[in-house]
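I opened this notebook to record what I looked up about helix packing and cysteines. The entries follow the order in which I went through them.

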Amino acid sequence: MGEQGTSGSEGGGKVAEAQAPAKKGAADPRLQGISDAIRVVPHFPKPGIMFNDITALLLRPGVFKDAVDLFVERYRGMGIAAVAGIEARGFIFGPAIALAIGAKFIPLRKPGKLPGAVISENYTLEYGTDCLEMHVGAVEPGDRVVVVDDLVATGGTLSAAIKLLERAAADVVECACLIGLPKFKVPHIRISKKTCI
Ligand SMILES: O=P(O)(O)OC[C@H]1O[C@H](OP(=O)(O)OP(=O)(O)O)[C@H](O)[C@@H]1O
Ligand SMILES: Nc1ncnc2[nH]cnc12
């Protein structure tokens, strides 16, 4: 699952599966339920954008739990010190994953929201530009970190998150997203670190 709302799938390169099937064709049965619960809204927020809406999934507690559990099962026992969630939708999944694996949660916020000293990275989106900020001191040098968001499109947001964390000497183990849009190949992020369930 994880590739929603676009036509002409080109594939996204080498993308790890959150729950690798035990054998070919034996996909985790939770994946279909998660895929089915994501609503695709055409022409939002701009004409031509097929918007993948995870709020429909959040209305179904069992499916929401399945999504969190898949990531918890992947990252438990990997020595993850921090889950970094990307505002806003990474704040929905990230804290639940962090609590379940015993990691701290680091909010990566849009500009001007964090009260302390920050480091910033600008980036380009499918439908605009933006900036992410992180508190200085949120991450310790050498912390093993997983970045969490709902969706990767161009990969600009994840790239900015990785840069912020690495500037603070974190070890970014992987980026975890529910959805990967197939029309973007995200060549500029290290896609070996990208997981879409
Ligand atoms: O791979 P990319 O092209 O960078 O796009 C992915 C990002 O776009 C969406 O967030 P958005 O910036 O719309 O912010 P929001 O979560 O605050 O709505 C999504 O939640 C990702 O963070
Ligand atoms: N197609 C899309 N749906 C939802 N969020 C997005 N962020 C960037 N592109 C998106």
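Entry one. I began with Gly33, which lies in helix 1, and I kept in mind that the model I was reading is a predicted one. I looked up the exposure of Gly33 and found the residue partly exposed, with a relative accessible area of 26%. I also took the separation of Gly33 from Asp130, which comes to 97 residues in sequence and to 32 Å in space, counted from C-alpha to C-alpha.

Entry two. I then asked at what angle helix 1 and helix 3 pack. Helix 1, which covers residues 30-37, packs against helix 3, residues 61-75, at an angle of about 130°, and I noted that their axes are 9 Å apart. Because angles over 145 degrees would count as roughly antiparallel and those from 65 to 115 as roughly perpendicular, I put down helix 1 and helix 3 as oblique to each other. The crossing in which helix 1 passes helix 3 is left-handed. On the side of helix 1, I listed Arg30, Leu31, Gly33, Ile34 and Ala37, and these meet Val63, Asp66, Ala67, Asp69, Leu70 and Glu73 in helix 3. Sorting the residues of this contact of helix 1 with helix 3 by class, I have six nonpolar, one polar and four charged.

Entry three. I turned to helix 3 and helix 4, the latter made of residues 90-101, and found that their axes come within 9 Å and cross at roughly 50°. I recorded helix 3 and helix 4 as oblique to each other too, with helix 3 passing helix 4 in a right-handed crossing. From helix 3 the contact draws on Phe64, Ala67, Val68, Phe71, Val72 and Tyr75, while helix 4 supplies Ile92, Phe93, Ala96, Ile97, Ala100 and Ile101. The class count for helix 3 with helix 4 is 12 nonpolar residues, with no polar and no charged ones.

Entry four. How many disulfides does the count come to? With a cut-off of 2.5 Å between cysteine sulfur atoms, I arrived at zero disulfides. Cys131 is in no disulfide, and the nearest cysteine sulfur to it, that of Cys175, is 17 Å away. I checked whether Cys131 is buried or exposed, and with a relative accessible area of 8% Cys131 is buried. Cys175 is likewise in no disulfide, the nearest cysteine sulfur being that of Cys177 at 6.7 Å, and I noted Cys175 as buried, with a relative accessible area of 1%.

Note on methods:
Residues numbered from 1 in each chain as written. Chains lettered and ligands numbered in written order. Predicted model: local features only at pLDDT ≥ 70, side-chain atom pairs only at ≥ 80, totals over all residues. Heavy atoms only, no water. Axes fitted to C-alpha atoms, helices over the stretch in contact; angles between N-to-C directions. Helix = DSSP H or I, 4+ residues; strand = E, 2+ residues; numbered from the N terminus. Parallel < 35°, antiparallel > 145°, perpendicular 65-115°, else oblique. Left-handed = near helix turned anticlockwise from the far one by under 90°. Contact = heavy atoms within 4.5 Å. Nonpolar A, V, L, I, M, F, W, Y, C, P; charged D, E, K, R; others polar. Buried < 20%, exposed > 50% of the residue type's maximum accessible area, 1.4 Å probe, protein only.
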